[in-house]
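Biologist: Got a minute to go through this model with me? I'd like to start with the strands and then move on to the cores.

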Amino acid sequence: MTTSQSSFDIVIVGGGLVGMSLAVALSKSPCSVLLLEQHQSAPVHANVLDLRTTGLTRSSEQMFKAAGVWEKIVTAASPIERLDISEQGNFGAARIDASQHDIAPIGYMVPNHHLIETLSEQVAQLENIKILSPAFLETAQANSSGYGITVNHDGKRISYSTSLLVGSDGANSKVRSIMGISAEHKNYQQSAIITNVRPQKPHQNAAYERFTQHGPLAVLPIRNNHCALIWTQAEVNAERYLQMDDQLFLQNLQKAFGYRLGKFLQVGKRSAYPLTLTKSNELVRANAVLIGNAAQTVHPVAAQGFNLGLRDVHTLVQMLSDTDFNCSRFPSMLNEYEQQRAPDRDHVIRLTDGLTRVFAQQALPVKMLRSIGVRMLGNLPVVQRGVLRRNLGLRYFMNNTK
């Protein structure tokens, strides 16, 4: 593809994991695609304790299989075969073994750098994809055939035209702002402490979701018998947990988590980010669409956000294919896209926001009801199957592939 090309069928703003996934999913299409990424790649840490990881559901596995990259991704994936749900200071607990429901594994944990490398290498090989980095969108003006856009590429302004503008540029989406689409915002006044730990006992591919008075705490299996940790804390306390020495941090973690994995022996580099809910009030405008975090950013409880974005990708590519990638049909197709994504999107937002609110309440009657609910989940296989199948996203994936 020549660098002088000034018109593209599709422009993707945001070359993160969701944006690159969309580019890869469009590899078999006849469309010319421009991918804009504002940031340079971050350095990769060799120490397993310092590697960031991402959870993938079975619907994400299916999407990556369809895009032809799953075989490369799975080489570094750690399967999640069991789920342990509990609440600190409460008697309710549920242990779900996916093999008993014919859907093992529940999902996978994959190092971020491996996902990025796999998708980047794939995108770089595609003849119909042009990548600009570092580059960001400055302006977008609607016209009769789509949009005329101005891009800042390494300090140089370049003009392009496109039939479809895709905003995959995060919670503070420039595309959403330019389109004049409003969004609802909710600040949970919480931060997620992100790191990896090494436990004394083998994790045996089990994932732990533990609800504490400060927020949910997830301990997730990764390679070499290490675990990824996502620990929600009140926003005002986050810096204190970042500044603790390793021993004190592990002592606090041990108190909150217990000894299901024995003692925690090591912890890696820690980082934190504030937790908010952002929900775009619209997903489409004529020849523009929002996907991933630009469309919705959710609480990390239940690890739904990235997987929801991948289902945005899958649905969009499927519907583009149904139009035979006919640019004149994009506006009507996008209206249908918004309707199709509504049930999945609304479910995940209700689930993540609801879990956060319900487990934040510490009144004794509420705690007792929570315990009963969690115990029912642990004791009723039919309820477990329903929860797993709905929250793995497979039913939406299957509906969209009919």
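Biologist: Which residue in β7 stands opposite Ser 78?

Modeller: It's a predicted model, so to speak: local features need pLDDT of at least 70, side-chain atom pairs count only at pLDDT 80 or more, and totals for chains, interfaces and linings use all residues. Residues are numbered from 1 along each chain as its sequence is written, and side-chain values use heavy atoms, with hydrogens and water left out. Strands are DSSP runs of E, at least two residues, and helices are runs of H or I, at least four, both numbered from the N terminus. Three bridges join β4 to β7 (residues 107-111), running antiparallel, and the partner of Ser 78 in β7 is Met 109.

Biologist: In what order do the three strands of the open sheet come?

Modeller: Two strands pair if DSSP finds at least two bridges between them. β3 (53-57) and β4 (78-80) are the edges, each pairing on one side only. The pairing is antiparallel and the order is β3-β7-β4.

Biologist: What angle does helix α2 make with β3?

Modeller: Axes are lines fitted to C-alpha atoms, for helices over the stretch in contact (heavy atoms within 4.5 Å), and angles run from 0 to 180 degrees between N-to-C directions. Helix α2 (residues 58-67) packs on the sheet, touching β3 and β7, and its angle with β3 is about 90 degrees.

Biologist: Which residues have the most contacts inside the largest nonpolar core?

Modeller: Such a core is a set of buried Ala, Val, Leu, Ile, Met, Phe, Trp, Tyr and Cys residues joined through side-chain atoms within 4.5 Å; buried means under 20% relative accessible area (1.4 Å probe, protein chains only). This one has 66 residues, and the two with the most contacts inside it are Phe 64 and Leu 165.

Note on methods
Buried means under 20% relative accessible area, exposed over 50%, partly exposed in between (1.4 Å probe, protein chains only).
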